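This report introduces a structure to a reader who has not met it before. Please view the sequence and the model together while reading.

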Amino acid sequence: MTPKISFKNVRKTFDIAGKTAFTALEGLNLDIEDGEFITVVGPSGCGKSTAMNIAAGLTMPTSGQVLVDNAPVKGPGPERGVIFQQYALFPWLTVRENVEFGLQIAGKPKDERRRIADHFIELVGLSDFANSLPKTLSGGMKQRCAIARAYAVNPKILLMDEPFGALDALTRVQLQDQLLAMWSKERRTVMFITHDVDEAVYLASRVVVMAARPGRLHKIVNVDLPYPRTEDMRLSAEFSELRNEVWRSVYHPAAAA
Amino acid sequence: MAVMESENTPESAKGLPMLSRPFGMLAINIVAVVVGILLWGLVTSFGVVGLPTPLAVAKQAVIQAENGLLWSDALASLGRVFTGFALGILVAIPVGFLMGWYKIARAIIEPYVQFFRTIPPLAIIPLAIVTMGIDEMPKIFVIFLASFLSSVVATYQGVISVDRTMINAARVLGANDFTIFRRVIVPASLPYIMVGVRIGLGSSWSTVVAAELIAAQSGLGFRMQQAQLYYDLATIFVSLISIGILGLIMDRIVMAIDGVLTAWQEKL
């Protein structure tokens, strides 16, 4: 089976006056299978957000390429949904209008837009707030709206850039469970960036650990815990063993060769 | 999920309990104005300063209102402001968008805008009178300039301040440049544009009055200029107070429109 997303020797440098000033990403090779949920974790400067932005088509690599279904990524597209840490909702649109935004661009007729939007608004539990403006929502609700908006255009891939990074610990755990519940109902390939080791292990079937200076892939940790994940699992010995392994490789990576 | 209650505390629960109720504030406003007028009456009726009493000014206002001079002056001034202001805004918004959206346009236009911004519009009046004559044209042109310069910068600031993440969010949902402009840039820069409109209206109003002082045959500024020749202080006061009241009303109207158009904003 060909991978859904494939990073082929992706390198990204930021140059000043023709000289490489900063290597954000050094030759990343990574395959993500169809329907897989992977998390990418690493210290700041490890290039995890850069890698996601390149897959999203928002940043161009200096060399190498990202293949989605074997076709190179040339720019953003609705088959790759992106969820940002800052929610990026349109504050002048209601929750429903935000979710319908992509559907409108895709030229879907009004009643179909409405039906699809309401379906995903219900899945994220915002039905009572469909006509509310984003300013009346809490951070967690905003991010749930952003998730519904990304899902509405029916992407094959969800790219999530520290989506729960700005939320308090309790809301964060609740949203992790909601996201997994949603993912089991509406299966997509997910690449989820985080700096939270617990979150990385809890969500993923594989945790990609990256290291900084230069940004590179350090290690891939397989999480052999079955889905659906539960609170008991979070407190289990296997979980803490995996978490410790990821923790050690994030904070004490071997020096770059 | 019950995660939002704490953020929905009503405004009235914060701040001073007495003053936060709108009626309480309004009552204090009215008392403050009444006390101010009483003080004015006190110092003028005892001849402390050589200014007309509130009563004399009110009588003069009634005379001018009855013979229609007050209305025709106010209409003349308002007509100039609205013509110049509307033209200024109409040109400023597209030019501001051009400057924000295309770097080339910014490079071409910005030096002119920044240069003319440093010249008070009133300083253009002598040139405008010489080149355009003494009828309505030079006055409207100067008001146009005043409102254009303040709105164009605000619009341009609005466009360049649009959150990149919001543009990216639209892009990954499939929006092309035109859709991003129409559905993200325009609404997102609206609060900035409204600030420009408000400042533009204020500077238009102050410019029209000053322009009428220099060269006009009608308007509130012209009336004051005439009154000055005859030492008619009451008429000067009537004009000044009319200018203030009309300016205040126009500002409140713009604020009300702004409140409706940008109700979605998260106020800090």
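Where in chain A is the place of Pro228(A)? In this predicted model, Pro228(A) is found in the loop between strand E10 (216-222) and helix H7 (231-234) of chain A. The peptide bond that joins Tyr227(A) to Pro228(A) is cis, with omega about -5°. A cis bond also links Arg213(A) to Pro214(A), with omega near -5°. Pro214(A) belongs to the loop between strand E9 (206-211) and strand E10 (216-222) of chain A. As general background, most peptide bonds are trans, and most residues other than glycine have a negative phi.

Two residues of chain A that are not glycine have a positive phi. Asp69(A) lies in the loop between strand E4 (63-68) and strand E5 (71-72), and Asn70(A) lies in the loop between E4 and E5 as well.

| Residue | Phi | Other C-beta atoms within 10 Å | Exposure |
|---|---|---|---|
| Asp69(A) | near 50° | 13 C-beta atoms | partly exposed |
| Asn70(A) | about 70° | 9 C-beta atoms | exposed |

Asn70(A) counts as exposed because 9 other C-beta atoms lie within 10 Å, and the cut-off for that class is 12 or fewer.

The two chains also meet: 28 residues of chain A are in contact with 19 residues of chain B. On the chain A side, strand E6 (80-83), helix H2 (95-105), helix H4 (139-152) and helix H5 (169-185) each supply at least two residues. By class, this side of chain A has 17 nonpolar, 9 polar and 2 charged residues.

For chain B, an unreviewed UniProt entry lists residues 74-254 as "domain: ABC transmembrane type-1". This span is 86% helix and 0% strand, and its end C-alpha atoms lie 19 Å apart.

Terms used: Residues numbered from 1 in each chain as written. Chains lettered and ligands numbered in written order. Predicted model: local features only at pLDDT ≥ 70, side-chain atom pairs only at ≥ 80, totals over all residues. Contact = placed C-beta atoms within 7 Å. Helix = DSSP H or I, 4+ residues; strand = E, 2+ residues; numbered from the N terminus. Nonpolar A, V, L, I, M, F, W, Y, C, P; charged D, E, K, R; others polar. UniProt positions renumbered as here; feature names shortened; annotations may be inferred. Buried ≥ 20, exposed ≤ 12 C-beta atoms within 10 Å, placed from the backbone.
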